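Trainee: Before we start, could we go through how the labels on this model follow from their definitions?

Mentor: Yes, let us take them in turn, setting each value against its cut-off.

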Amino acid sequence: MPYLRLSSLPLDDATKRHLADELTSTVLDVLTDQKPEWATVHFTPFEPNDFAVAGRLVSDGAIPDTHLEISAPDVDEKSWFALRNRLTDVLIEALGIPDSERWHVNVKLNRYDPHSFAVAGNATDELDDLVSEEDVTWERPRGGGWGRRALWLGFAVGAYASYRWFAGRVATAASATY
């Protein structure tokens, strides 16, 4: 169960969505035995006056560090090498950090024994025995039924009526000036 915690200056929602997707994808590419529905990303923003580097607050001009902690079980040395490099690249690209400032991106691995982490009171190494794929659905239901279709139909009728009204107004105004 990979758990990622990103500490950085505040991020907008679009950047958080992008990072959640990219960080999760990167971790699952490297740790192929992990399940996507159990990978989490926790954003922990800090304000410039809440963080100091070398004894100097970011609000006073210090360059902020971006910290990513990943907690995961059974990460071997080869996987850790891939994770730390690829996750750093993801952060640099998504946050627009210049390559010269790469040293301000930190990635820390917290390896843990799967038996020492619990979900719903069950150790994570026991979860596969307790929950089958059929018991849990992680995807949103598709379709939407007649309500969604009615909404789209109403939107289309409104758009068509607006177009007809606008086209009539422009045609009338154009022919009146000449």
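Trainee: What makes Glu77 buried or exposed?

Mentor: Bearing in mind that this is a predicted model, the relative accessible area of Glu77 is 52%, and since exposed means over 50%, Glu77 is called exposed.

Trainee: Why is Arg111 called partly exposed?

Mentor: Its relative accessible area is 47%, and because partly exposed covers the range between under 20% and over 50%, Arg111 takes that label.

Trainee: How do you know that Glu77 forms a salt bridge with Arg111?

Mentor: The closest N and O atoms of Glu77 and Arg111 are 3.6 Å apart, and a salt bridge asks for a side-chain nitrogen of Lys or Arg within 4 Å of a carboxyl oxygen of Asp or Glu, so the pair qualifies. Glu77 belongs to helix α2 and Arg111 to strand β6, so the bridge ties together parts that lie 34 residues apart in sequence.

Trainee: How many salt bridges does a search of the whole structure find?

Mentor: The search finds four, including one between the side chains of Arg102 and Asp89, with an N to O distance of 2.8 Å. That pair links distant parts of the chain, with Arg102 in the loop between α2 and β6 and Asp89 in helix α2, 13 residues apart.

Trainee: What joins Asp89, Asp99 and Arg102 into one network?

Mentor: The side chains of Arg102 and Asp99 also meet in a salt bridge, at 3.6 Å from N to O, which is within the 4 Å cut-off. Salt bridges that share partners then join Asp89, Asp99 and Arg102 into one network.

Trainee: Which exposure labels do Arg102, Asp89 and Asp99 receive?

Mentor: Arg102, with a relative accessible area of 27%, and Asp89, with 38%, are partly exposed, because partly exposed lies between the buried limit of 20% and the exposed limit of 50%. Asp99 has 56%, and because exposed means over 50%, Asp99 is called exposed.

Trainee: Which residues touch the most other members of the largest nonpolar core?

Mentor: Of its 21 residues, these are Leu23, Leu68, Ile70 and Leu83. The elements that give two or more residues to this core are β1 (3-8), α1 (13-30), β5 (66-73), α2 (77-95) and β6 (105-112), and α2 gives the most, with six residues.

Trainee: What does Ile70 touch, not counting residues up to four places away in sequence?

Mentor: With that exclusion, Ile70 touches Tyr3, Leu4, Val27, Trp80, Leu83, Lys108, Leu109 and Asn110.

Conventions. Residues are numbered from 1 along each chain as its sequence is written. This is a predicted model: local features need pLDDT of at least 70, side-chain atom pairs count only at pLDDT 80 or more; totals for chains, interfaces and linings use all residues. Side-chain values use heavy atoms; hydrogens and water are left out. A nonpolar core is a set of buried Ala, Val, Leu, Ile, Met, Phe, Trp, Tyr and Cys residues joined through side-chain atoms within 4.5 Å. Buried means under 20% relative accessible area, exposed over 50%, partly exposed in between (1.4 Å probe, protein chains only). Helices (H or I, at least four residues) and strands (E, at least two) are DSSP runs, numbered from the N terminus. Contact means heavy atoms within 4.5 Å.
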